[in-house]
Amino acid sequence: WLFKDGRWFDAYKLWDRFLRSAPRGETEAFQWLYFGKSAHLLGKRDVALDCLATAKTRSGTRLDAINMLDLEASIIKDSGQTEKKMYVMDLYDKAMAFIQEGEEKALNKELGDYRKMRAQILYNRAIFRRWWMGDTGGELRDLEEAGWIYEMLGMSDMQMVAKSEWVDMQL
């Protein structure tokens, strides 16, 4: 709920405290990814990179692997490493392939998680395609699909964000 409400500093403190007290060998990838995401959103790039590196040493789910790709892409983008734009596009392509595989194998319970992740990756990739790659079409398709998925999932706030970005990209 801290992430849903945008309480990044509270999430950062929670995961920092938890991971400092947990036996390091008994932590899981998703825990490091939550900590890394909150650190990244607070501008703590080095902490986010350390969390990502630690998460990669843990066994995790396919969703964890997708989140790792998304976090790595976000860190690169937000640090302005434009020389790595093709690498970032590869990260998004890998994430979409993992999502496709996950959707094909998912149980009904998991399918919503994969669809939510698809919308998130599509949204992030659309922003990247428009402002880093100069794409003039692919980003609009990504945003349309993301908006449709958010609507299907009942996430009206994210649906409106995607629609707003879709309009902004055409101005």
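This text follows helix 6 of a predicted model through its helix contacts, its salt bridges and the loop after it.

The pairing of helix 5 (residues 85-105) with helix 6 (residues 108-131) is a suitable place to begin. The axes of these two helices come within 10 Å and cross at roughly 160°. Angles over 145 degrees count as roughly antiparallel, and helix 5 is therefore roughly antiparallel to helix 6. Their crossing is left-handed. On the side of helix 5, the residues that meet helix 6 include Lys85, Val88, Met89, Tyr92, Met96, Phe98, Ile99 and Glu103. On the side of helix 6, the residues in this contact include Leu111, Tyr114, Met117, Arg118, Ile121, Leu122, Arg125, Phe128 and Arg129. By class, the contact of helix 5 with helix 6 consists of 13 nonpolar, 3 polar and 7 charged residues.

Two of the charged residues in this contact, Glu103 and Arg118, deserve separate attention. Side chains of opposite charge can pair when their charged atoms come close. The side chains of glutamate 103 and arginine 118 form a salt bridge, with a distance of 2.7 Å from N to O. The two residues are 15 residues apart, and their pair links distant parts of the chain, glutamate 103 lying in helix 5 and arginine 118 in helix 6. Arginine 118 has a relative accessible area of 11%. Buried means under 20%, so arginine 118 counts as buried.

Further along helix 6, arginine 129 takes part in salt bridges with two aspartates. One partner is aspartate 135, where the closest N and O atoms are 2.9 Å apart. The other partner is aspartate 142, at 3.0 Å from N to O. This second pair again links distant parts of the chain, since aspartate 142 belongs to helix 7 (residues 138-152) and arginine 129 to helix 6, 13 residues apart. Accessibility separates the two aspartates: aspartate 135 is partly exposed at 23% relative accessibility, whereas aspartate 142 is buried. Arginine 129 is itself buried, because its relative accessibility is 15%. Arg125 joins these residues, as Arg125, Arg129, Asp135 and Asp142 are linked in a network of salt bridges. The count for the model comes to 9 salt bridges.

Helix 6 also meets helix 8 (residues 156-168), their axes coming within 11 Å and crossing at roughly 15°. Angles under 35 degrees count as roughly parallel, and helix 6 and helix 8 are therefore roughly parallel to each other. Helix 6 passes helix 8 in a left-handed crossing. Tyr123, Ile127 and Trp131 of helix 6 make the contact with Val161, Ala162 and Glu165 of helix 8. This contact has 5 nonpolar residues, no polar residues and 1 charged residue.

The last stop is the loop between helix 6 and helix 7, where methionine 133 is placed. With a relative accessibility of 30%, methionine 133 counts as partly exposed. Apart from neighbours within four places in sequence, methionine 133 is in contact with Lys85, Met86 and Phe128. Among these partners, Lys85 and Phe128 also belong to the contact between helix 5 and helix 6. Serine 59 lies 74 residues from methionine 133 along the chain, and the C-alpha atoms of the two are separated by 33 Å.

Conventions. Residues numbered from 1 in each chain as written. Predicted model: local features only at pLDDT ≥ 70, side-chain atom pairs only at ≥ 80, totals over all residues. Heavy atoms only, no water. Salt bridge = Lys/Arg side-chain N within 4 Å of Asp/Glu carboxyl O. Helix = DSSP H or I, 4+ residues; strand = E, 2+ residues; numbered from the N terminus. Buried < 20%, exposed > 50% of the residue type's maximum accessible area, 1.4 Å probe, protein only. Axes fitted to C-alpha atoms, helices over the stretch in contact; angles between N-to-C directions. Parallel < 35°, antiparallel > 145°, perpendicular 65-115°, else oblique. Left-handed = near helix turned anticlockwise from the far one by under 90°. Contact = heavy atoms within 4.5 Å. Nonpolar A, V, L, I, M, F, W, Y, C, P; charged D, E, K, R; others polar.
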